[in-house]
Amino acid sequence: MKDITILGIQPIGISLALSIKNSSLEVNKMMAYSENSDLINSAKSLDIFDDVSKDIKKSINGSTLIIIDSPLIEIPLIFEAINNSPTVKTVLNLNGSQVKCMDWASEKLNKNINYLGIRPILKTDIPTIADASDLVLEDLDICLMPKATTDNASIQNIVHLIEKIGATPYFLDVTEHDSYFTAMDKLSDVISAAYINATTAKSSWIEMYKSAGIEFDHQSKNATKDPITNEAECLTLSDPLSYWIDEKIKSLTKFKKTLKSENDDLLNYLVNIHFLFS
């Protein structure tokens with residue numbers, strides 16, 4: 001493996017860069033790109049990269065492997081920049097909305113560039129770059145979604161990379177991934193936004209807020225995500241998101257009905273859920 005570039009200075013991408021750097025993989029240079037000066041300064045302080053730049057062409061120049069950890073709305077322009085590089089062989093994309101990214105890859109990337117969606121199934125929160133660690137990805141499952149035209153040698157190289165950082169690769173259809181990702185991840189953003197909307201829209205909100213404690217903070221946390229990125233993800237995941245919202249409504253309706261029952265329906269409902277996680 002020669003040069004690697006991380007496009008987008010985010011906690012997961014930084015953790016992956018650390019894992020690669022501290023593994024037995026042979027890497028010539030590791031670069032990073034962001035347009036955010038604060039993120040660039042943070043990345044430089046970690047002493048991971050040979051170069052950190054606002055110039056995407058400079059960052060990509062000479063790299064054979066590109067790892068994208070950028071907001072969804074930036075992906076098309078990033079693909080166009082990658083497409084003009086003669087050295088890029090493989091592109092990994094950490095984005096959650098993989099079907100749309102796969103469509104963009106088919107549209108904007110040359111056929112000789114091997115593209116794979118990749119997503120670590122995180123078990124530990126990485127709220128900031130300072131929390132990034134090479135231990136975050138250790139022993140994790142990492143989902144791989146290669147494009148149909150991606151050659152087997154590139155796939156095996158990425159499998160080797162994942163195994164070398166102490167994680168376990170597994171393959172998933174890209175449509176299945178987006179449905180599962182929506183159910184297990186994105187739906188929580190929607191529920192959080194709906195929860196905030198339901199509580200703050202009341203005239204009693206000012207008084208209600210005085211009684212809000214840690215549970216409110218937990219429930220509302222996901223509503224604080226960047227609204228532009230959140231909207232883009234919701235729109236590109238609209239089909240699976242609509243399905244899982246309907247399933248959530250069915251579950252809430254069922255729960256509501258148990259409140260008015262005169263038997264043990266509510267208890268049985270709660271017991272069944274409890275035993276799923278015990």
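## A strand and its partners

Which residue in S5 is the bridge partner of Ile68? Asn93 takes that role, in a structure that is, to say so early, a predicted model. The pairing behind this bridge joins S4 (residues 63-68) with strand S5 (residues 90-93), in the parallel sense and over 4 bridges.

Strand S4 has another partner to show us. Strand S1 (residues 3-7) also pairs with S4 in the parallel sense, here over 5 bridges. To find a spot in this pairing, start from Thr5, whose bridge partner in S4 is Ile66. From S4, the chain passes through helix H4 (residues 75-83) on the way to S5, making a β-α-β crossover that is right-handed.

## How covered is S4?

With these pairings in view, how many of the residues of S4 are buried? The count is 6 of its 6 residues, and the strand is described as mostly covered.

## Where H4 meets H5

Now follow helix H4 to its packing with helix H5 (residues 98-108). Two packed helices are described by the angle between their axes and the distance between the axes. For H4 and H5, the angle is about 35° and the axes lie 10 Å apart. The crossing of these helices is right-handed.

Which residues make the contact? H4 brings Ile75, Pro76, Phe79, Glu80 and Asn83, while H5 brings Cys101, Trp104, Ala105 and Lys108. By character, the residues of this contact between H4 and H5 divide into 6 nonpolar, 1 polar and 2 charged.

How values were computed:
Residues numbered from 1 in each chain as written. Predicted model: local features only at pLDDT ≥ 70, side-chain atom pairs only at ≥ 80, totals over all residues. Heavy atoms only, no water. Buried < 20%, exposed > 50% of the residue type's maximum accessible area, 1.4 Å probe, protein only. Helix = DSSP H or I, 4+ residues; strand = E, 2+ residues; numbered from the N terminus. Pairing = 2+ DSSP bridges. Right-handed = clockwise from strand over helix to strand, strands pointing away. Axes fitted to C-alpha atoms, helices over the stretch in contact; angles between N-to-C directions. Left-handed = near helix turned anticlockwise from the far one by under 90°. Contact = heavy atoms within 4.5 Å. Nonpolar A, V, L, I, M, F, W, Y, C, P; charged D, E, K, R; others polar.
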